[in-house]
Amino acid sequence: MADSNDTVTIATGEGASGSRLLGIGAYRPERVVSNEEICEHIDSTSEWIYERSGILNRRFAGPEESVIFMSGEAAKKAVESAGVDPELIDLVILCTSTYEAQVPHAAPKVAMAIGRNGIPAFDITAGCAGFGYGLAVATNVIRGGGARYAVVVGVERMSDGLDLTDRNTAFIFGDGAGAVVVGPSDEGNDVGPVVWGSDGEQADAITQTKDWKTLIADAKQGATDQPYVTMDGSRVFRWAAVQIAKASARTLEASGVTAEQIQAFIPHQANGRINSAMAKHLGLPDSVAIANDIEQTGNTSAASVPLAMETMLREGQAEPGQIALLIGFGAGLSYAGQVVRLPAKPPVN
C-alpha cells in the first residue's frame, strides 16, 4: 500500500552557507560617441549635457556587437578573473531589456558561447535594476543548493531604441555588458540580503513609444517608425532622490553594515547629480570611492552597476575585498540594493 501524502518527506537542497563575488568582466563597444556627436542631432551643447547628467562620452554597439556577443565576452573575462574552472559554471542569468527576440531567450545562447551548453540559463527583465535582481536570484539559488557557480550578466544595446532627435533621451544612454561570477562561501557571507521593490504607479515615467501590438497594427497601415525609449527625466529624478536614498539606507540596515564601514559606493549610473545627492543623504564618509563610470559610458541600464564596478577595480579606485554598496534603479520603476565584498580585479585586456 502506498504511503499517504502526509508521510512523504520531500528532500531539500543543500546549498552553501553564504555566497561571494569571485570575478568580474566587462565588454565595451568599440565606437565612442561624444557629446559633440550627439549635439549634431539635438539643439544642445556638450557643456549643457555634462552639467545636467555628468556624461561626456558613451559607447554604441556596432552590427557585430550583439547582446549575445557582448555578454559572452564579459562572461569569459569574469570567469578568468574568478580563477574558476569554466566547467564548474552551472547557471547563467542574463539581465537585459534590449535583446531583440522574446523567443528564444538570450541566456541559453550565452551559456553556449562560454562553452557551457546544457546548464540552466534564463533572462531577467527589470530595467536598470536588472543586475541587482539577477545577483539576488543567483545568491539565493547558490544558498538553496540549485547551483554552485553562477554567471550573472547585465547587458544592453540601448542605442537600438534611441531617437537621436529626442532632446530628453538622446544623450543619456549607451551600450555594453558587465558580468560577475557568484560562488559559494563557507567562511562567512560576502553578499548581503537584497532590498528590492517597484512602484507601478510611476511605471510610465520610463516607457517606449509603442508596444508590440501597436507596432504590428501600425505596420499594417504602412507606418515604418520603430518604438523608442521615452523618459520623464524630472519625474524619475524626484523619485530616485527620495526613494532610492531610503532604499540604500534600508540596504545598509539589512546587511548590518554602517555607512562608516562602506568603502565604495556603486550606484546605477543614471545621473551624476543623483549619485552625489544619495551619497550625501546616506552620510558616507569623504573617503568612500564613488563610481563615476557614467562620464565615459553613459547610462547602460542593466549593465550599469557591473560596468561601474569593473572600472573601479581596473583603475584602482577600489580594491578587491573592500565593502561596497550597490544600488540599481530605473524602469519599472524598480530598484535593488545589496552590500557586497568586491571580487578579484578584472583581467587585463
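The lining of the largest cavity has 7 nonpolar residues, 4 polar ones and no charged residue. This is a predicted model, and the cavity is a feature of that model. Its space comes to about 50 Å³. A search of the whole structure finds 1 cavity of 30 Å³ or more.

Which residues form the lining? One run in the numbering is C128, A129, G130, F131 and G132. V305 also takes part. L326, I327 and G328 contribute too, along with A336 and Q338. Now map these onto the fold. Helix α5 (130-144) supplies at least two lining residues. So do strands β13 (323-330) and β14 (334-341), each with at least two.

Next, take the annotated region. UniProt, in an unreviewed entry, places the feature "domain: Beta-ketoacyl-[acyl-carrier-protein] synthase III C-terminal" at residues 252-341. In the model, this span is 33% helix and 24% strand. Its end C-alpha atoms lie 13 Å apart.

F131 leads on to another site. F131 belongs to the cavity lining, and V152 touches F131. V152 sits in strand β6, residues 150-157. Is V152 buried or exposed? V152 counts as buried because its relative accessibility is 0%, and the cut-off for buried is under 20%.

What does V152 touch, leaving out residues up to four places away in sequence? Its partners include G134, L135 and A138. I93 and C95 are also among them. So are G178, A179, V180 and V182. Take C95 as an example of a contact between distant parts of the sequence. V152 and C95 are 57 residues apart in sequence. In space, their C-alpha atoms are 7.5 Å apart.

Now step back to the whole chain. Of the contacts between residues at least 6 apart in sequence, 78% join residues at least 24 apart. Buried residues make up 54% of the 349 residues. The secondary structure comes to 10 helices and 14 strands.

How does the chain's radius of gyration agree with that of a compact globule? A compact globule of 349 residues would have a radius of gyration near 20 Å. The chain has 20 Å, so the two agree. Along its principal axes, the C-alpha trace spans about 75 × 55 × 40 Å.

Technical notes. Residues are numbered from 1 along each chain as its sequence is written. This is a predicted model: local features need pLDDT of at least 70, side-chain atom pairs count only at pLDDT 80 or more; totals for chains, interfaces and linings use all residues. Side-chain values use heavy atoms; hydrogens and water are left out. On a 1 Å grid over the protein atoms alone, a cavity is a set of points where a 1.4 Å probe fits but cannot get out, and a pocket is an open set with protein on both sides within 12 Å along at least five of seven lines; lining residues have an atom within 4 Å of a point. Grid points are joined across faces, edges and corners, and a volume is the space filled by probe spheres set on the points. Helices (H or I, at least four residues) and strands (E, at least two) are DSSP runs, numbered from the N terminus. Ala, Val, Leu, Ile, Met, Phe, Trp, Tyr, Cys and Pro count as nonpolar, Asp, Glu, Lys and Arg as charged, and the others, Gly among them, as polar. UniProt positions are given in the numbering used here, feature names are shortened, and annotations may be inferred rather than shown by experiment. The radius of gyration is taken over C-alpha atoms; the globule rule is 2.2 Å times the number of residues to the power 0.38. Buried means under 20% relative accessible area, exposed over 50%, partly exposed in between (1.4 Å probe, protein chains only). Contact means heavy atoms within 4.5 Å.
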